[in-house]
Amino acid sequence: MIVVGRSLSTRGGFTLIELLIVIAIIGILSSIVLSSLERAREKAYFSRAQGEFHQIETALANYYLENGKYPDDVDRDLPSGIEEELSSGNWPEAPWPGSVYDWDNWDSIGVAQISIRFCDIGETDLDNCNFPNDDWAEDFGVNSAVYFCLEGDCRSHVNEPEDYPGYCINCSD
């Protein structure tokens, strides 16, 4: 039987409004999932950094026991002499994209620490730095670091005041 004059609304398809609502719901759900994934990724970077800090700490403690002192300071690298105690990896690359480990032995102020740097040496433009996407890194500057203190009053950078923005993994406040 042929039905003549059947209207568009009874054809069984979706209206434009229905399609727009479905697309909006899918967009909202995907933004929720993506923000959850970003938080999970940041937590994974932080967890990896904690594990690697402990690994480097052990290697440096052994170096100290063998040599009676910590190795000299190096810029945006780990000191030689500890490689055999570190797991294979792309050292000094740190967990966050574009970040590197930095061994800081500042004898002038009695500080020994392992840092993660997010800007190149001498960088002045914050847009060229690769800071973590986390609340504790919100006010980071070009000399800011995530650091693991081994000795002394650790801080983000030797040329900055102690309260310069940074994040200490093992300092008690």
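1. In this predicted model, the protein chain carries 10 positive and 31 negative charges, and the mean positions of these two sets are 16 Å apart. The accessible surface of the protein chain comes to about 11,000 Å², and carbon and sulfur atoms account for 53% of that surface.

2. As to secondary structure, the protein chain has one helix and four strands, which follow the pattern α-β-β-β-β when read along the sequence. The radius of gyration is 26 Å, whereas the globule rule gives 16 Å for 173 residues, so the protein chain is more spread out than a compact globule. The C-alpha trace, taken along its principal axes, spans about 100 × 35 × 30 Å.

3. On burial and contacts across the chain, 35% of the 173 residues in the protein chain are buried. Of the contacts with a separation of 6 or more, 53% are between residues that lie 24 or more positions apart.

4. Gln113 deserves a comment of its own, since this residue, which lies in strand β2 (residues 111-117), has 0% relative accessibility and therefore counts as buried, the cut-off being under 20%. Its side chain makes two polar contacts that may be checked in the model: the side chain of Gln113 meets the side chain of Ser115 at 3.0 Å, and the side chain of Gln113 also reaches the backbone oxygen of Arg155 at 2.7 Å.

5. The surroundings of Gln113 can be described further by leaving aside its neighbours within four places in sequence, in which case Gln113 is in contact with Asp102, Trp103, Asp104 and Trp106, with Tyr147, Phe148, Cys149 and Leu150, and with Cys154, Arg155 and Ser156. Arg155 thus appears in this list of contacts and also supplies the backbone oxygen that the side chain of Gln113 reaches.

6. His157 is the other residue to consider, and this residue is placed in the loop between β3 (145-151) and β4 (167-168). Although His157 lies in a loop, its relative accessibility is 15%, and because buried means under 20%, His157 counts as buried. The side chain of His157 reaches the backbone nitrogen of Asn159 at 3.0 Å.

7. With its neighbours within four places in sequence again left aside, His157 is in contact with Trp106, Arg117 and Asn143. Trp106 is named among the contacts of His157 and likewise among those of Gln113, so that both residues touch Trp106 under the 4.5 Å heavy-atom criterion.

Conventions: Residues are numbered from 1 along each chain as its sequence is written. This is a predicted model: local features need pLDDT of at least 70, side-chain atom pairs count only at pLDDT 80 or more; totals for chains, interfaces and linings use all residues. Side-chain values use heavy atoms; hydrogens and water are left out. Helices (H or I, at least four residues) and strands (E, at least two) are DSSP runs, numbered from the N terminus. Buried means under 20% relative accessible area, exposed over 50%, partly exposed in between (1.4 Å probe, protein chains only). A polar contact is a pair of N or O atoms within 3.5 Å; within protein, one must be able to donate a hydrogen and the other to accept it, and residues adjacent in sequence count only if both atoms are side-chain atoms. The radius of gyration is taken over C-alpha atoms; the globule rule is 2.2 Å times the number of residues to the power 0.38. Accessible areas come from the Shrake-Rupley method with a 1.4 Å probe; for residues, only the protein chains shown count as cover. Lys and Arg count as positive and Asp and Glu as negative; His and the chain ends are not counted. The place of a charge is taken as NZ of Lys, CZ of Arg, CG of Asp or CD of Glu.
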